[in-house]
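Biologist: Please take a close look at the pockets of this protein chain, and explain how they relate to the rest of the fold. I should be grateful for a connected account that a first-year student can follow.

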Amino acid sequence: MANSFRPGSPIHYGQHITRADVLAPFIKATLGKMGYGFYEVLIDDDSDGKTISVGNVVLEVAKHKDFDIRWGQLDTKEERRVLGFLERAVEPYDSSEAVVRENSFVDIMSVAGHELGHAFSERLVGDISEEAKAYAFEMAWSETIAKYNVGGLGDKVLEMMLRTPDAERSPIHYRAHQKVMDLSKKMPAIQVYEDIKSRRIWIG
């Protein structure tokens, strides 16, 4: 079962986060300011704080070992760089699960925005389009956090979002990120997200 969250004490941007329930008030505040307040944010009572529900998405903060097991790689240097992933629901009424690695408050809020950008709509055909959709949502999410200083994070999450992915290691992420950067110069990031999501913009 899930109950409405109760905001806790302030969190320093560098504080190490190992549970999802402390993120609930900040995720709710960010979505509300973005105009996505219809996604209800609930703490999952039976998860010991490990998961929260964001709309029909379960967001889990996983310890390093648990994350690596779920991801399928154990403690390799390269795979340690993976900070989050999405397990999509198979059945229409099931919940997708966004899994993020334990990390600092600022890192987790950044990764959560990206994974929710994947999770809030069906997967697009084409890996670059799908990643661009997530990046566009993450950019709008990061801009909102900066504008309203959600969680005292200021522009720290936005600074992370603006970092260009490594083109050699992650060519799909690099191309998607670059496309979103270009489009966001012409229109608000949230419009980029909605246009990619609805296939008004196609990114091959």
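Modeller: A pocket is here an open set of grid points with protein on both sides within 12 Å along at least five of seven lines, and its volume is the space filled by probe spheres set on those points. The model to which this is applied is predicted.

Let us begin with the second largest pocket, which has a volume of about 160 Å³. Its lining consists of 13 residues, and Asn56, Arg88, Ala89, Asp94 and Ser96 are those nearest its centre. By type, this lining comprises 5 nonpolar, 3 polar and 5 charged residues.

The largest pocket, by comparison, has a volume of about 1,000 Å³. Here 31 residues form the lining, with Arg81, Leu83, His114, Tyr135 and His173 nearest the centre. Several elements each supply at least two residues of this lining: strand E6 (84-87) and the helices H3 (105-119), H4 (127-148), H5 (156-161) and H6 (171-183). Among the contributors, H3 gives the most, namely 6 residues. The lining of the largest pocket contains 12 charged, 8 polar and 11 nonpolar residues.

The interior of the chain may now be considered. In soluble globular proteins, nonpolar side chains tend to be buried together. In this model, the largest nonpolar core has 54 residues, and those with the most contacts inside it are Ile27, Leu31, Ile52, Val54, Met109, Phe120 and Trp141. Helix H4 provides the largest share of this core, with 9 residues. H4 thus appears in two settings, since it also supplies at least two residues to the lining of the largest pocket.

Trp141 gives a detailed view of how the core is packed. Beyond its neighbours within four places in sequence, Trp141 is in contact with Ile27, Thr30, Leu31, Met34, Met109, Ala112, Gly113 and Leu116. Apart from the largest core lies another, of 5 residues, including Ala62, Val82, Phe85 and Val99.

Finally, these parts belong to a chain with 7 helices and 8 strands. Its radius of gyration is 16 Å, close to the 17 Å that the globule rule gives for 204 residues, so the chain is as compact as a globular protein of that length. Along the principal axes, its C-alpha atoms fill a box of roughly 40 × 40 × 35 Å. Of the 204 residues, 50% count as buried. Among contacts with a separation of 6 or more, 60% join residues 24 or more positions apart.

Methods. Residues numbered from 1 in each chain as written. Predicted model: local features only at pLDDT ≥ 70, side-chain atom pairs only at ≥ 80, totals over all residues. Heavy atoms only, no water. 1 Å grid on protein atoms, 1.4 Å probe; cavity = no way out; pocket = protein on both sides within 12 Å on 5 of 7 lines; lining within 4 Å. Helix = DSSP H or I, 4+ residues; strand = E, 2+ residues; numbered from the N terminus. Nonpolar A, V, L, I, M, F, W, Y, C, P; charged D, E, K, R; others polar. Core = buried A, V, L, I, M, F, W, Y, C linked by side-chain atoms within 4.5 Å. Buried < 20%, exposed > 50% of the residue type's maximum accessible area, 1.4 Å probe, protein only. Contact = heavy atoms within 4.5 Å. Rg over C-alpha atoms; globule rule 2.2 N^0.38 Å.
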